[in-house]
Amino acid sequence: MSTSKLFRGTAILTAGTMFSRLLGLVYIFPFYAMVGPQGGELYSYAYILYTLMLSAATMGLPLAVSKFVAKYNALEEYGVGRKLFKSGLVTMSITGIVAFIILYLIAPYAAPIILNNNTSEYAHSVDDVTLAIRMVSFALLLVPIMSLIRGFFQGHESMGPTALSQVVEQLARILFILGSVFIVLKVMNGDLSTAIGMATFAAFIGAVASLLVLVWYWYKRKRHLDELLEKDKGTVEVSYKNMYKELILYAGPFVFAGLTLPLFQFVDLLTFNSAMGTGGHPRSGDAFGFINTFSHKLVIIPVTLATSFALTLLPTITKSHVSGNQELLKKQISKVLQVLMFLTLPACIGLALLGGPAFTAFFSYDELGSTILTWYAPVAILLALFTVSAAILQGINEQRHTIIAILCGLAIKFILNYFLIIKIGAIGSILATAIGYAVTVGYILYIIYKKTQFSYHFVVRRSLLMVIFIAIMSIVVIPVEIGLNALLPHSEGTLNASIIIVISAVVGAFVYFFLSFRSKLIYYIFGESLPFMGKLKRFKRSH
């Protein structure tokens, strides 16, 4: 494949992924308007278990298929990839069915454990939770197969099927969620548990839509794939045992990294309601939904934007590592971390400063929801650092250490969670997550230092300068927010909160970027890699 075609395919896949994520962020706001915090709580219970069971069903194989197929295609051993595809379809079908049966059957036993000592004013019943879990379990019948087909196409450097199927899947899922919830609650005057059951069943509807797109692509491109098969050299014979062993070695560490947040949420699933009840804290179910569904959707926005930008620099890290250019490797690691901190720190701290108006603007006025968002927003800095640092480990081929780091952080979360929630309520869960992620990130950064001899001194110095700018930004923004809130109390509605958010955010961004320009920090970090930087520098020189 030509370089231009490869870049085009990568761009298509990136655009599809980002658009799919954007849709996933946007739908949550009308969803909250219809179901409220109680609906988010019930939805979270089902989806956390579904995510973990899906990972068990796929065993990480779909993520490794593209790498495996690409490797043997490069050797012109196209038959090996086709053999894997046929075998993988059977394997994913079996594991999907088994995972579906397990999740469907354990639902009534998991529900009382999840609801233990639920102190919400609107406490869900065991039957409510059981229904939500069972409805989402149907998606396990199709999603593993769908993921495998995407991996097969990507192995042939064909990114269009994955990109389009992701968007179609998300659109079908969201339309079904919003449509079914509206019909159940507003048209049929049904109960909330039925509406959330339909919302979780939307994962199956999305999978059907995505699978139809992939099947269409398969028939459209089958002639080309068969022509490649006719060119097969046939000199390599890979047994099923060796084939799956190679796949697991590819996928294991990366899948575990992707499971980090769901595993942290699973700890909450097992302990949150019980600890809240033991500590005598009210609204445990609402708090669970705020942390794991609604606030999380807001918090993940700056993480997604910042990590997307930083991760574009990671392929060069891999290239430098493979070529043995250690000095260039260190410069690139420094650049990635500086870019990440420059974008993530102000966004997350700014969101924390405006937690009350932000929660009201996107959802509705709720003191508990606002408090949770304010505390949760800074944790996003650690989430972003984990994503990028784990990717750096992958770039230098030390990804096995990611598993150790995650297990250490997860152990900390498990040990602290129950105790902290009893003592200080829902915020205890957020603190336990922050400490767990800090341990995980700290271990990964240590391994990066040990394997590359990279010094963090310069990154820390630059980050301290960013912190100073953020402190100045906060000194300006806080009075602006207080003044606006006195004139337009955000507690009185979405419009007031939105006005406060827009004005405060613009003021904060102006202060931060003004200081970054005046100190030339933004030039040192980005150089002329951003489209406007070169023009801005020339404009300043001419004046």
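Colleague: Is Lys-222 buried, partly exposed or exposed in this structure?
Modeller: The structure is a predicted model, and every value here is computed from it. Lys-222 has a relative accessible area of 30%, and the partly exposed class lies between the limit of under 20% for buried residues and that of over 50% for exposed ones. Lys-222 is therefore classed as partly exposed.

Colleague: Which residue forms a salt bridge with Lys-222, with the closest N and O atoms 2.9 Å apart?
Modeller: The partner sits 4 residues away from Lys-222 in helix H8, so that about one helical turn separates the two. With a relative accessibility of 24%, this partner also counts as partly exposed. The residue that forms the salt bridge with Lys-222 at 2.9 Å is Asp-226.

Colleague: Which residue is linked with Lys-222 and Asp-226 in a network of salt bridges?
Modeller: By the rule used here, the structure has a count of 8 salt bridges, and the pair of Asp-226 and Lys-222 belongs to a network. The further member of this network also appears in the lining of the second largest cavity, together with Tyr-78, Phe-152, His-156, Leu-225 and Leu-229. The residue linked with Lys-222 and Asp-226 is Arg-82.

Colleague: About how much space lies in the second largest cavity?
Modeller: Helix H4 (78-114) and helix H8 (192-230) each supply at least two residues of the lining of this cavity. Sorted by class, that lining has 4 nonpolar, 1 polar and 1 charged residues. The space in the second largest cavity comes to about 40 Å³.

Colleague: Which helix gives the most to the lining of the largest cavity?
Modeller: The largest cavity holds about 80 Å³ of space, and its lining has 5 nonpolar, 4 polar and 2 charged residues. Helices H10 (260-278), H11 (284-311) and H18 (426-452) each supply at least two of the lining residues, and the whole lining includes Leu-261, Phe-264, Gln-265 and Asp-268. With 4 residues, the helix that gives the most is H10.

Colleague: Which residue in the loop between H10 and H11 has a positive phi near 55°?
Modeller: Most residues other than glycine have a negative phi, so a positive value deserves a look. The residue in question also forms a salt bridge with Asp-286, where the closest N and O atoms are 2.9 Å apart. Asp-286 is buried at 5% relative accessibility, whereas its partner is partly exposed at 21%. The residue with this positive phi in the loop between H10 and H11 is Arg-283.

Colleague: Where is Asn-189, which has a positive phi of about 55° although it is not a glycine?
Modeller: With a relative accessibility of 63%, Asn-189 counts as exposed, because the exposed class begins over 50%. Its positive phi of about 55° belongs to a residue that is not a glycine. Asn-189 has its place in the loop between helix H7 (160-187) and H8.

Colleague: Which helix gives the most residues to the largest nonpolar core?
Modeller: This core has 161 residues, and Phe-31, Tyr-50 and Val-181 are those with the most contacts inside it. Leaving aside neighbours within four places in sequence, Phe-31 is in contact with several residues, among them Tyr-43, Ile-177, Val-181 and Phe-294. The helix covering residues 28-58 gives 18 residues to the core, and this helix is H2.

Colleague: How many of the 8 residues of helix H14 are buried?
Modeller: Across the protein chain, buried residues make up 54% of the 543 residues, and the secondary structure comes to 22 helices and 0 strands. Helix H14 (residues 355-362) is mostly covered, and its buried residues include Gly-355, Pro-357 and Phe-359. Of the 8 residues in H14, the number that are buried is 7.

Colleague: Which residue meets Glu-398 in a salt bridge?
Modeller: Glu-398 is buried, with a relative accessible area of 12%. The side chain that meets Glu-398 comes within 3.1 Å, N to O, and its residue is partly exposed at 48%. The residue that meets Glu-398 is Arg-400.

Terms used
Residues numbered from 1 in each chain as written. Predicted model: local features only at pLDDT ≥ 70, side-chain atom pairs only at ≥ 80, totals over all residues. Heavy atoms only, no water. 1 Å grid on protein atoms, 1.4 Å probe; cavity = no way out; pocket = protein on both sides within 12 Å on 5 of 7 lines; lining within 4 Å. Points joined across faces, edges and corners; volume = space filled by probe spheres on them. Nonpolar A, V, L, I, M, F, W, Y, C, P; charged D, E, K, R; others polar. Core = buried A, V, L, I, M, F, W, Y, C linked by side-chain atoms within 4.5 Å. Buried < 20%, exposed > 50% of the residue type's maximum accessible area, 1.4 Å probe, protein only. Contact = heavy atoms within 4.5 Å. Salt bridge = Lys/Arg side-chain N within 4 Å of Asp/Glu carboxyl O.
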